[in-house]
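Open the model in your viewer and keep the sequence panel beside it. The tour below goes from one selection to the next and says what is found at each stop.

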Amino acid sequence: MEDIHIFLGGKPGSGKGTMGKRLNEEFGIPVVGTGDICRKISQEDTEEGRKVKELMEQGVLVIEEKYWLPSLKEELKSKNEWILDGCPRAKEQVQSLNDSNILPDVFIVLDIPDEVAIERLSNRRIDPETKKIYNLLFHKDLPQDVQDRLVQRKDDEVETIKKRLEASNKTYGDVSTWYDDDDDDGYNIVNIISADKPIDEVYDDVKKTILDVIKYLDEEDEEPEEEAESNDNEDKNVEESNDNDDEEEAEESNENDDNEEAEENNGDDNEE
């Protein structure tokens, strides 16, 4: 299987993290997330690190890309294949990634209604001890001691969620125009998938899309090999044709020599 490069985007609460994790578990493709990059930078004792930490503590939802995009690019370039979770979020970021030759084989955008996103996100809780995130909609049988520890993050409060969704809706409004797709070959880079259904069904759709892309890329790689093989066969045929021509010329030459020799002999006999 060819190395594959996946952009995974969508509204908050659309399930990007869940899809990335499941793809990593099944295919072994590493996930690189913008949130992880920002958290990593915030731990550095640098001017940039202190600024990112300050912004995160203030609950700033969209941190300026100048603080994290260079580190993100370095992380992606260090890997043969990857799933990029949460970026690009604007056409300007697409251009910046393009300029660094960071291009997706497929860009999957998970789409859900705002009310579904609000329900999902407002029910998320984090365990301060383990840092694990649980969703009360799906994790109904947690041990009592875990339930007692759970807290809600600021960015999962309803009013904050609404602001995040407003920004996200503006972000992905024209996502289908971010990359030029050629419908003639049936292959589209941008694929918008409905995530308003059970997780397993969403994953099946995401997986099918990726497998279709992998098949397409494999077939693209086979075409040059077939063309090269065809060229080799043509060269071989030309060589064989040339050999045959040489043999025919040799035979004709020999026949002419024999005929000339016979004529000379006949001439000599007549003279005698």
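Select Lys 131, which sits in the loop between strand E5 (124-126) and strand E6 (133-135). This is a predicted model, and what follows describes its computed geometry. The phi of Lys 131 is near 65 degrees, a positive value in a residue other than glycine. Most residues other than glycine have a negative phi. Is Lys 131 buried or exposed? Lys 131 has a relative accessible area of 60% and counts as exposed because the cut-off for that class is over 50%.

Go next to Asn 101, in the loop between H5 and strand E4 (106-111). Here too phi is positive in a residue other than glycine, near 60 degrees. Asn 101 is exposed, its relative accessible area being 61%.

Now select Cys 87 and Pro 88 and look at the bond between them. The peptide bond joining Cys 87 and Pro 88 is cis, with omega about 5 degrees. Most peptide bonds are trans. Pro 88 belongs to the loop between strand E3 (82-85) and helix H5 (91-99).

From Cys 87, move to one of its contacts, Leu 8. Leu 8 is part of strand E1 (residues 5-10). With 0% relative accessibility, Leu 8 counts as buried, since the class takes in values under 20%. What does Leu 8 touch, not counting residues up to four places away in sequence? Its contacts are Lys 16, Met 19, Gly 20, Ile 83, Leu 84, Asp 85, Gly 86, Cys 87, Ile 108 and Leu 110. Add Asn 191 to the selection and draw a C-alpha to C-alpha distance: Leu 8 and Asn 191 are 9.9 Å apart in space and 183 residues apart in sequence.

Step back to the whole chain. It holds nine helices and seven strands. Of its 272 residues, 34% count as buried. Taking contacts between residues at least 6 apart in sequence, 70% join residues at least 24 apart.

For the interior, select Trp 68, Leu 72, Phe 107, Leu 110 and Val 206. These are the residues with the most contacts inside the largest nonpolar core, which has 53 residues. Helix H9 (residues 199-271) supplies the largest share of this core, eight residues. Which residues does Val 206 contact, leaving aside neighbours within four places in sequence? Val 206 is in contact with Met 19, Leu 23, Ile 108, Leu 110 and Ile 193. Met 19, Ile 108 and Leu 110 are also among the contacts of Leu 8.

Next, show helix H2 (residues 34-42) with helix H4 (residues 69-77). The two helices pack at an angle of about 115 degrees, and their axes are 10 Å apart. H2 is therefore roughly perpendicular to H4. The crossing of H2 past H4 is right-handed. On the H2 side, Thr 34, Ile 37, Lys 40 and Ile 41 take part, and they meet Ser 71, Leu 72 and Glu 75 of H4. By class, this contact of H2 with H4 has three nonpolar, two polar and two charged residues. Leu 72 has appeared already, as one of the residues with the most contacts inside the largest nonpolar core.

Then show helix H6 (residues 114-122) with helix H8 (residues 158-171). Their axes lie 10 Å apart at an angle of about 140 degrees. This angle makes H6 oblique to H8. H6 and H8 cross in a right-handed sense. From H6 the contact uses Asp 114, Ala 117, Ile 118, Leu 121 and Ser 122, while H8 brings Val 158, Ile 161, Lys 162, Arg 164, Leu 165 and Asn 169. The contact of H6 with H8 divides into six nonpolar, two polar and three charged residues.

Stay on H6 and colour its buried residues: Val 116, Ala 117, Arg 120, Leu 121 and Ser 122. What covers these buried residues of H6? The cover includes E5, E6 and H8. E5 and E6 are the strands on either side of the loop that holds Lys 131, the start of the tour.

The last stop is Ser 168, in helix H8. Ser 168 is buried, with a relative accessible area of 7%. Not counting residues up to four places away in sequence, Ser 168 touches Gly 10, Lys 11 and Pro 12.

Technical notes
Residues are numbered from 1 along each chain as its sequence is written. This is a predicted model: local features need pLDDT of at least 70, side-chain atom pairs count only at pLDDT 80 or more; totals for chains, interfaces and linings use all residues. Side-chain values use heavy atoms; hydrogens and water are left out. A nonpolar core is a set of buried Ala, Val, Leu, Ile, Met, Phe, Trp, Tyr and Cys residues joined through side-chain atoms within 4.5 Å. Buried means under 20% relative accessible area, exposed over 50%, partly exposed in between (1.4 Å probe, protein chains only). Helices (H or I, at least four residues) and strands (E, at least two) are DSSP runs, numbered from the N terminus. Contact means heavy atoms within 4.5 Å. Axes are lines fitted to C-alpha atoms, for helices over the stretch in contact, and angles run from 0 to 180 degrees between N-to-C directions. Angles under 35 degrees count as roughly parallel, over 145 as roughly antiparallel, 65 to 115 as roughly perpendicular and the rest as oblique. A crossing is left-handed if the near helix is turned anticlockwise from the far one by less than a right angle, and right-handed if clockwise. Ala, Val, Leu, Ile, Met, Phe, Trp, Tyr, Cys and Pro count as nonpolar, Asp, Glu, Lys and Arg as charged, and the others, Gly among them, as polar.
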